[in-house]
Amino acid sequence: MCRKNVLILSFLFLAIFSRVGLSFGQEKLKIFISVDMEGIAGIVHSDQTSSSGKDYNIARRWMTKEVNAAILGAFEAGATEVVVNDSHGSMRNIIPSELNPKAYLVTGSPKPLAMMQGIDETFDAVIFIGYHARAGTDDGVLDHTYSGSSIHSIKINGLEMGEGEINAAIAGWYKVPVVLVTGDRIVCEQVKRSLGEELEMAAVKEGVGRYAAKSLTPEKAQVLIKEKTRIALEKRKTIKPFILDPPFYFEVNFLRSYMADSAELIPQVEKKGARTVVFTSNNFVEGFKLMRVLISLARR
Ligand SMILES: [Zn+2]
């Protein structure tokens, strides 16, 4: 073999070897992060969570930093792609220019899957940052379920659920496990009770009623979230997706009777008491979308 051929062969061998090595070394790890605001450290009031509130701009910066902490933890655990979905109010709270540029940001609303927009079966794990307890939870900071002005409670297949459980069931529809929830201690425990013991949690504050908390400082919360993200992703294969059995029976209990009157106008929806409507769906995502239509109708 002439010297030139040996060189060409060596080059080809090296090229193939390095490609194979790369694919062995880089297992795909796609992470989806849904970010609400009420469960961010230091936040206890709508002056901080409402875009017209006087403390909103500093609070959205704390929110962005908690997400950055989770993104860092995810890449430390070997993530190859991170998608962040802004999930609070207008869904334009996270400051794009201050978010870790290695992540993608889903921002704005309305979007079909709302707090879970962007999730699909290609993801390996889901993380909830800044979540809050469901409506009617004692000592749950800023507790509510989707809409504080219209929802008393939501049950699916007979189980009362907050945003954490419902969004976990959307992830479960795509067979993706939720591995970490952060927020006040109460929401962490509430979601863990529904999703199972393996779920990791990072409690960044302890509610003292609805509008007060004993909280970690933002800096300390960020350290905790980065660490918990890494731990949760490293044990992700031990955590099962939250999969509900079809058919899915939705029961929406409104705050006022006229809200159920409006919801009942939709043919698939039946009234069950003055403030309560029910419907059934075989497709969880379609059922979730119908539930959101009912909530939108109630807001008038
Ligand atoms: Zn929110």
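This passage describes a zinc site, salt bridges, aromatic pairs and one buried helix residue in a predicted model.

Residues are numbered from 1 along each chain as its sequence is written, and side-chain values rest on heavy atoms, with hydrogens and water left out. Because the model is predicted, local features need pLDDT of at least 70 and side-chain atom pairs count only at pLDDT 80 or more, while totals for chains, interfaces and linings use all residues.

A good place to start is the metal. The zinc ion is coordinated by D36 (OD), by E38 through OE twice, and by H88 (ND1), at 2.0 to 2.6 Å. Donors here are N, O and S atoms within 2.8 Å of the metal (3.2 Å for Na, K and Ca); water is not among the atoms, so sites may look incomplete. Angles among the four donor atoms run from 52 to 135°, and the site is irregular. For that label, four donors would count as tetrahedral if all angles lay between 85 and 135 degrees; four count as square planar and six as octahedral if opposite donors are over 155 degrees apart and all others between 65 and 115, and anything else is irregular. The donor residues follow the spacing D-x1-E-x49-H in sequence. D36, in the loop between β1 (30-35) and α2 (46-49), and H88, in the loop between β2 and β3, form a pair that links distant parts of the chain, 52 residues apart. Helices (H or I, at least four residues) and strands (E, at least two) are DSSP runs, numbered from the N terminus. D36 has 2% relative accessibility and therefore counts as buried, as does H88 at 8%. Buried means under 20% relative accessible area, exposed over 50%, and partly exposed in between (1.4 Å probe, protein chains only).

Charged pairs come next. Side chains of opposite charge can pair when their charged atoms come close. The structure holds 17 salt bridges, each defined as a side-chain nitrogen of Lys or Arg within 4 Å of a carboxyl oxygen of Asp or Glu. One of them joins R61 and E98, with an N to O distance of 2.8 Å. R61 belongs to helix α3 and E98 to the loop between β2 (81-86) and β3 (104-106), so this pair ties together parts that are 37 residues apart in sequence. R61 is partly exposed at 36% relative accessibility, and E98 is partly exposed at 31%.

Another salt bridge brings R210 and D143 together at 2.5 Å, N to O. Here R210 lies in the loop between β8 (200-207) and β9 (213-215) and D143 in the loop between β4 (125-131) and β5 (151-156), so the pair ties together parts 67 residues apart in sequence. R210 counts as partly exposed at 32% relative accessibility, whereas D143 counts as buried at 10%. E206 and R185 also form a salt bridge, their closest N and O atoms being 2.8 Å apart. This pair links strand β8, which holds E206, with helix α5 (residues 185-195), which holds R185, across 21 residues. E206 is partly exposed at 32% relative accessibility, and R185 is partly exposed at 28%. In addition, salt bridges that share partners join E76, K226, E227, R230 and E234 into one network.

Turning to the rings, the structure holds seven aromatic pairs. Rings of Phe, Tyr and Trp (its six-membered ring) pair if their centres lie within 6.5 Å; planes under 30 degrees apart count as stacked, over 60 as edge-to-face and the rest as tilted. W173 and F248 have ring centres 5.9 Å apart and planes at 75°, so their pair is edge-to-face. W173 sits in helix α4 (residues 163-173) and F248 in strand β10 (residues 248-254), 75 residues apart. W173 is partly exposed at 32% relative accessibility, but F248 is buried at 1%. For F250 and F284, the centres are 5.7 Å apart and the planes at 35°, so the pair is tilted. F250 is in strand β10 and F284 in helix α8 (residues 284-298), so the pair ties together parts 34 residues apart in sequence. Both F250 and F284 are buried. Ring pairs link W173, F248, F250, F279 and F284 into a cluster.

Finally, V67 offers a look at helix α3 (residues 56-76). V67 counts as buried at 0% relative accessibility. Beyond neighbours within four places in sequence, V67 is in contact (heavy atoms within 4.5 Å) with V35, V84, I94 and L99.
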